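The following questions ask how the terms applied to this model are justified. Each answer sets a value against its criterion.

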Amino acid sequence: MLKAAFPGSFDPPTLGHINIIQRAAAIFNELLVVVAENRQKKYLFSVNERASMMHELTAGWKNVSVVICDTLIVEFLQERNIKLLLRGVRGIDDFSYEFEISMMNKALGPEIETIFMPTDPEYFVLRSSNIKELASFQGNVSGMVPPLVAEALNCKYSLS
Ligand code: ADP
């Protein structure tokens, strides 16, 4: 029984995240999308908004579920006996960052293996922070995020 967790901020979810989820759902028996709440980080969407978007976006996959985590990811995985931590990588910069984090996580929980999945080429420019910036200038983000996220971004920036 292969069970993996895919943690992230998902602020907001992009087509790049969804692509990783879709491909991972075809490999693992169970995939837990872990929406992180880190008090040190400033998010555009609340953790409940991010989780609720992820719920809707992953509703079509029976083996994918969404949870919120506001603790250390390693502890979170240990409590649930999940030993595979999945991270997406867009390129060498992501990889060097992810590699360092994976070394830290390995020290905290040696039984947990980090697995890197490279982005599919058409998503490699997609980055939540750039998409938020574009949306803040009323730029067209429709090719970068699912329609419900585009709508949520429009709402956020037209209210602010
Ligand atoms: P975090 O704050 O944890 O980095 P993100 O929401 O930015 O959260 O990313 C979550 C995961 O998804 C990370 O592993 C990141 O590298 C990966 N990711 C983000 N965008 C893409 C993309 N376009 N293609 C593949 N993986 C991606």
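Q: How many residues of each class does the shell around the ligand have?
A: The shell has six nonpolar, six polar and five charged residues. Ala, Val, Leu, Ile, Met, Phe, Trp, Tyr, Cys and Pro count as nonpolar, Asp, Glu, Lys and Arg as charged, and the others, Gly among them, as polar. This is a predicted model, in which local features need pLDDT of at least 70 and side-chain atom pairs count only at pLDDT 80 or more, while totals for chains, interfaces and linings use all residues. Residues are numbered from 1 along each chain as its sequence is written, and side-chain values use heavy atoms, with hydrogens and water left out.

Q: Which residues are the closest of those that surround the ligand?
A: Ser-9, Phe-10, Lys-41, Gly-88 and Tyr-123 are the closest among 17 residues; a residue counts if one of its heavy atoms lies within 4 Å of the ligand.

Q: What makes the approach of the ligand to the backbone of Gly-88 a polar contact?
A: A polar contact is a pair of N or O atoms within 3.5 Å. A ligand oxygen lies 2.5 Å from a polar backbone atom of Gly-88, so the pair meets the cut-off. The backbone of Tyr-123 likewise has a polar atom 2.9 Å from a ligand nitrogen.

Q: Why is the pair of Phe-95 and Phe-99 called tilted?
A: Rings of Phe, Tyr and Trp (its six-membered ring) pair if their centres lie within 6.5 Å; planes under 30 degrees apart count as stacked, over 60 as edge-to-face and the rest as tilted. The structure holds three aromatic pairs. In the pair of Phe-95 and Phe-99, the centres are 5.7 Å apart and the planes 40° apart, so the pair is tilted.

Q: Why are Phe-95 and Phe-99 separated by about one helical turn?
A: Because they are four residues apart in helix α4; a helix here is a DSSP run (H or I) of at least four residues.

Key: A polar contact is a pair of N or O atoms within 3.5 Å; within protein, one must be able to donate a hydrogen and the other to accept it, and residues adjacent in sequence count only if both atoms are side-chain atoms. Helices (H or I, at least four residues) and strands (E, at least two) are DSSP runs, numbered from the N terminus.
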